[in-house]
Amino acid sequence: MAEQSTQRISAENNFMKTQTQSLARNRITSELDSIAHQRDVNMARQRYQRLEKEAAERQAASVAAPKKRKKPVL
């Protein structure tokens, strides 16, 4: 009774192998999701900064540009 059958030992080894592969796959998937999320956050931050910069440049250009006067006709 103390000894387990070879069939049971083989089944447990196969189960452990499958479980280990599953855990490794889940860890890799989790890491990839984390990297993708971090990239999306960075892209959103950079997009926001770019849009702010462009808006500031447009505002500065409209304030700094002198209005053109029409030349008087002689």
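**Exercise 1. Classify isoleucine 28 and find its patch.**

Isoleucine 28 is partly exposed, because its relative accessible area is 42%. The cut-offs are these: buried means under 20% relative accessible area, exposed means over 50%, and partly exposed lies in between (1.4 Å probe, protein chains only).

Before going on, note that the model is predicted: local features need pLDDT of at least 70, side-chain atom pairs count only at pLDDT 80 or more, and totals for chains, interfaces and linings use all residues. Residues are numbered from 1 along each chain as its sequence is written, and side-chain values use heavy atoms, with hydrogens and water left out.

Step 1. Place the residue. Isoleucine 28 lies in helix α1, which covers residues 6-64. Helices (H or I, at least four residues) and strands (E, at least two) are DSSP runs, numbered from the N terminus.

Step 2. Find the partners. Ile28 forms a nonpolar surface patch with Leu32 and Ile35. Together they have about 290 Å² of accessible area. Patch residues have over 30% relative accessible area and no salt bridge; like charges are joined within 9 Å, nonpolar side chains (Val, Leu, Ile, Met, Phe, Trp, Tyr) within 5 Å.

**Exercise 2. Describe the overall form of the protein.**

Step 1. Count the elements. There is 1 helix, and there are 0 strands.

Step 2. Check the radius of gyration. The protein has 33 Å, whereas a compact globule of 74 residues would have a value near 11 Å. This radius is taken over C-alpha atoms, and the globule rule is 2.2 Å times the number of residues to the power 0.38.

Step 3. Box the chain. Along the principal axes, the C-alpha atoms fill roughly 120 × 20 × 5 Å.

Step 4. Look for buried residues. Of the 74 residues, 0% count as buried.

Step 5. Take the surface. The accessible surface is about 7700 Å², and 57% of that belongs to carbon and sulfur atoms. The areas come from the Shrake-Rupley method with a 1.4 Å probe; for residues, only the protein chains shown count as cover.

**Exercise 3. How far apart in space are asparagine 42 and valine 63?**

Step 1. Start with asparagine 42. Asparagine 42 sits in helix α1. Asparagine 42 is partly exposed because its relative accessibility is 33%.

Step 2. Compare sequence and space. Asparagine 42 and valine 63 are 21 residues apart in sequence. From C-alpha to C-alpha, they are 32 Å apart in space.

**Exercise 4. Work through the salt bridges.**

Step 1. Recall the principle. Side chains of opposite charge can pair when their charged atoms come close.

Step 2. Count. The structure holds 3 salt bridges. Each needs a side-chain nitrogen of Lys or Arg within 4 Å of a carboxyl oxygen of Asp or Glu.

Step 3. Take arginine 8 and glutamate 12. Their side chains meet at 3.2 Å, N to O. Both lie in helix α1, 4 residues apart, about one turn of the helix. Arginine 8 is partly exposed at 48%, and glutamate 12 is partly exposed at 34%.

Step 4. Take arginine 27 and glutamate 31. This salt bridge is 3.2 Å, N to O. The two are separated by about one helical turn, because they are 4 residues apart in helix α1.

Step 5. Take arginine 50 and glutamate 54. The closest N and O atoms of this salt bridge are 3.5 Å apart. Both residues lie in helix α1, 4 residues apart. Glutamate 54 counts as partly exposed at 29%, and arginine 50 counts as partly exposed at 42%.
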